[in-house]
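Welcome! Please take a look at the model below, and then work through the exercises at your own pace.

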Amino acid sequence: MSLLRPRDLIDHIRDITPEFLAARGLRGLLLDLDNTLIPYGSYEERADVMGWAADLRRGGIRLYLLSNATGQRARFWVEKLGFEGVGMAGKPNPRAFRRALGALGLPAWQVGMVGDQLFTDVLGGNLSGMHTILVRPLAVNALPHTRVTRRLERAVLKRYGHDWKP
């Protein structure tokens, strides 16, 4: 399996249900923030996302925010979402993923990495032995370098038979 190939591609995090996780043997999730849970740069509360996270947690799923966003932005959302996490994580460095797995107290094979970018979320999750889940980005209002990598991501995904346009 290629390090850039996600195990699952989904349209929205709400597609991740307790049944979806159980079918894959997953008991925890590492979650990216920007354009995965919340549109890039937004501080607007999302009742749907908060409800989704609360439902998973009530179902015994362990959640952890693993973001390259600023520490201040990550702390804001960790408080709102009600679970632990960090910003400025340094994805795709596997060390960041190992620390997050340690915080969850679960082995890599029982944890999914959910994110919107191949070169940070999927690559780091695969390097760490996790189940990787690529989600369609919530918005196109990303940083200039992210817009460039989106073109590369589309080319890689197309190679794997996915014509996943924004």
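## Exercise 1: Aromatic rings

W77 has a relative accessibility of 0%, so this residue counts as buried. Keep in mind as you go that you are looking at a predicted model.

**Task.** Find out which aromatic cluster W77 belongs to, and how its rings pair up.

**Solution.** Begin with the count: there are two aromatic pairs. One pair is made by Y43 and F76, with ring centres 4.9 Å apart and 75 degrees between the planes. Planes over 60 degrees apart count as edge-to-face, and that is the label this pair receives. Next, place the two residues: Y43 is in the loop between β2 and α2 while F76 is in helix α3, so their pair ties together parts that lie 33 residues apart in sequence.

Now turn to F76 and W77, which also form an edge-to-face pair, at 5.1 Å centre to centre and with 85 degrees between the planes. Put together, Y43, F76 and W77 make one aromatic cluster.

How covered are the other members? Buried means under 20% relative accessible area and exposed means over 50%, with partly exposed in between. Y43 has 43% relative accessibility, so Y43 is partly exposed. F76, at 27%, is partly exposed as well.

## Exercise 2: Charges over rings

**Task.** Work out which charged end sits over the ring of Y43, and which one sits over the ring of F20.

**Solution.** Start from Y43: the charged end of R73 is over its ring, 4.9 Å from the centre. Then move to F20, where the charged end of R24 lies over the ring at 3.6 Å from the centre.

## Exercise 3: The nonpolar cores

**Task.** Describe the largest nonpolar core: how many residues does it have, and which of them have the most contacts inside it?

**Solution.** This core holds 28 residues, and I16, L29, L37 and W52 have the most contacts within it. Next, ask which elements build it. At least two residues come from each of α1 (18–23), β2 (28–31), α2 (47–58), β3 (62–66), α3 (71–81) and β6 (131–135). The biggest contribution is that of α2, which gives five residues.

Zoom in on I16. Leaving aside residues up to four places away in sequence, I16 touches I10, L21, L29, W52, L56, V114 and I133. A second, separate core has 14 residues, among them Y64, L66, L104 and V111. As background, nonpolar side chains in soluble globular proteins tend to be buried together.

## Exercise 4: Following β3

**Task.** Find the strands that pair with β3, and trace how the chain travels between them.

**Solution.** First look at β3 itself: four of its five residues are buried, which leaves the strand mostly covered. On one side, β2 and β3 are parallel and joined by four bridges. L31 has L65 in β3 as its bridge partner. Between these two strands the chain passes through α2, giving a right-handed β-α-β crossover.

Then continue to β4 (residues 85–86), which runs parallel to β3 and is joined to β3 by two bridges. Here L66 stands opposite V86. Another right-handed β-α-β unit is formed by β3, α3 and β4.

## Exercise 5: A covered helix

**Task.** Decide whether α5 is mostly covered or mostly uncovered, and see what follows it.

**Solution.** Helix α5 spans residues 118–127, and eight of its ten residues are buried, so to speak tucked under cover. The buried ones include L118, V122 and L123, and also D121 and N126. After α5 comes G129, which has a positive phi near 80 degrees.

Conventions:
Residues are numbered from 1 along each chain as its sequence is written. This is a predicted model: local features need pLDDT of at least 70, side-chain atom pairs count only at pLDDT 80 or more; totals for chains, interfaces and linings use all residues. Side-chain values use heavy atoms; hydrogens and water are left out. A nonpolar core is a set of buried Ala, Val, Leu, Ile, Met, Phe, Trp, Tyr and Cys residues joined through side-chain atoms within 4.5 Å. Buried means under 20% relative accessible area, exposed over 50%, partly exposed in between (1.4 Å probe, protein chains only). Contact means heavy atoms within 4.5 Å. Two strands pair if DSSP finds at least two bridges between them. A crossover is right-handed if, with the strands pointing away from the viewer, the path from the first strand over the helix to the second runs clockwise. Rings of Phe, Tyr and Trp (its six-membered ring) pair if their centres lie within 6.5 Å; planes under 30 degrees apart count as stacked, over 60 as edge-to-face and the rest as tilted. A charge sits over a ring if NZ of Lys or CZ of Arg is within 6 Å of the ring centre and within 35 degrees of the ring normal.
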